[in-house]
Amino acid sequence: MNSITGTQIPRHRLRNGLEAQKPMFGCFSSLASAWTARIIASCGWDYVIVDCEHGNHDDGDMHDCVNAIAAEGVSPIVRIRAQDSGLIKRALDTGAHGLMVPMVNTPEQAAQIVSWSKFPPMGVRGQGSSFCAMASGITTTEYVKVANSTILTLVQIETPEAIANVDAIAAVPGVDGLFVGPNDLALSLLGYVPAKWTEPEFVAALEAVKEAGRKHNKHIGILAKNGQHARELKNEWGIVGLGSDCKALSTAMKATLDTIKQ
């Protein structure tokens with residue numbers, strides 16, 4: 001489908017699902033392989049995060065993985081490695097359906113990220129790539145018209161400073177969602193990982209994120225520990241992440257060897 005209705009891009013599975021108030025499940029792509037990205041996307045995830053922060057992707061891998069994921073009808077989300085206008089431009093020009101930015105601690109940082117990720121007059125994003133419109137199945141003219149209201153801008157809440165400022169961060173126009181990095185949050189808040197998810201200060205931090213999301217009508221997301229945990233989280237967190245290609249490969253190999261050795 002090449003036409004668009006209102007401000008919805010039909011191919012954007014994650015955003016459309018969230019707006020339909022469905023829980024959306026995804027995983028991380030850490031390996032620099034378009035085929036690996038396509039294999040995991042074909043498993044039925046709603047989105048796959050191309051992890052340029054902790055994964056093994058360079059610029060070319062990012063482009064290839066985004067398009068491989070999109071080809072499976074799944075939303076590619078690029079997590080950039082730092083808050084930088086050039087990185088944001090490159091990530092969005094691949095045709096990514098959204099952007100994830102780590103370690104956002106203040107509303108000023110959030111506002112700067114929004115400015116870099118939106119076309120004028122809302123921001124200062126430059127236009128020149130043909131790839132982004134192609135990956136969305138629309139024309140460049142259509143893409144520029146609707147990108148500001150359809151491309152997801154997700155900021156990660158991962159520190160005590162971010163928790164203290166989460167209400168103000170959520171209030172920033174153009175921030176579409178708050179995504180908790182539970183391991184970094186636990187490390188900075190508790191001094192260890194993983195969290196037990198019962199620590200009072202950790203639980204309070206998660207509640208603060210949920211409250212900010214409700215108050216400002218922003219999507220909220222988090223990384224789950226396992227499948228059962230994801231089932232428990234899906235009623236309160238619209239965006240649930242679970243695992244990665246690396247972990248899946250390792251788990252499957254170990255399980256096979258364990259069976260052989262029994």
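Contact here means heavy atoms within 4.5 Å. With that in hand, let us walk through this predicted model, beginning with how far to trust it. The protein chain has a mean pLDDT of 95, and 97% of its residues reach 70 or more. The exception to keep in mind is the stretch of residues 1–5, where pLDDT stays under 50. The model does show 11 contacts beyond four places in sequence for residues 1–5, but a word of caution applies: where pLDDT is low, the predicted coordinates should not be read in detail.

A little further along the chain we meet Asn16, which sits in helix H1. Apart from its neighbours within four places in sequence, Asn16 is in contact with Gln8, Ile9 and Pro10. With Pro10 there is also a polar approach: a polar atom of the Asn16 side chain lies 3.4 Å from the backbone oxygen of Pro10. Is Asn16 buried or exposed? Its relative accessibility is 15%, and because buried means under 20%, Asn16 counts as buried.

Helix H1 (13–19) also leads us to the largest pocket, since H1 is among the elements that give two or more residues to the lining. This pocket has a volume of about 510 Å³. Its lining is made of 18 residues, and those closest to the centre are Leu18, Gln21, Lys218, His219 and Gly238. Besides H1, helix H11 (200–216) and strand S7 (219–223) each give two or more lining residues, with H11 contributing the most, 3 residues. By character, the lining of the largest pocket divides into 8 charged, 6 polar and 4 nonpolar residues.

Next comes the second largest pocket, which holds about 350 Å³ of space. Here too 18 residues form the lining, and Phe28, His54, Arg79, Asn183 and Leu223 lie nearest the centre. At least two lining residues come from each of strand S6 (177–180), helix H10 (182–189) and strand S8 (239–244). Helix H10 has the largest share, 3 residues. The lining of the second largest pocket is made up of 7 polar, 6 charged and 5 nonpolar residues.

From here, turn to Ser29, which belongs to strand S1 (residues 24–29). Ser29 counts as buried because its relative accessibility is 0%. What does the side chain of Ser29 make a polar contact with? The partner is the side chain of His57, at 3.2 Å. His57 also appears among the residues in contact with Ser29 once neighbours within four places in sequence are left aside; the others are Ala37, Ile40, Val48, Ile49, Val50, Asp51 and Asp245.

Our last stop is helix H4, residues 85–93. At its start, a side-chain oxygen of Asp84 comes to within 2.9 Å of the backbone nitrogen of Gly86. Along the helix, Leu87, Ile88, Ala91, Leu92 and Asp93 are buried. What do the buried residues of H4 pack against? Four helices are on the list, namely H3 (59–70), H5 (107–117), H6 (131–136) and H7 (140–150), together with strands S3 (75–79) and S4 (98–101). Just after H4, the backbone at Gly95 takes a positive phi of about 105 degrees.

Definitions and conventions:
Residues numbered from 1 in each chain as written. Predicted model: local features only at pLDDT ≥ 70, side-chain atom pairs only at ≥ 80, totals over all residues. Heavy atoms only, no water. Buried < 20%, exposed > 50% of the residue type's maximum accessible area, 1.4 Å probe, protein only. Polar contact = N/O pair within 3.5 Å; in protein donor to acceptor, adjacent residues only side chain to side chain. 1 Å grid on protein atoms, 1.4 Å probe; cavity = no way out; pocket = protein on both sides within 12 Å on 5 of 7 lines; lining within 4 Å. Points joined across faces, edges and corners; volume = space filled by probe spheres on them. Nonpolar A, V, L, I, M, F, W, Y, C, P; charged D, E, K, R; others polar. pLDDT = per-residue confidence, 0-100.
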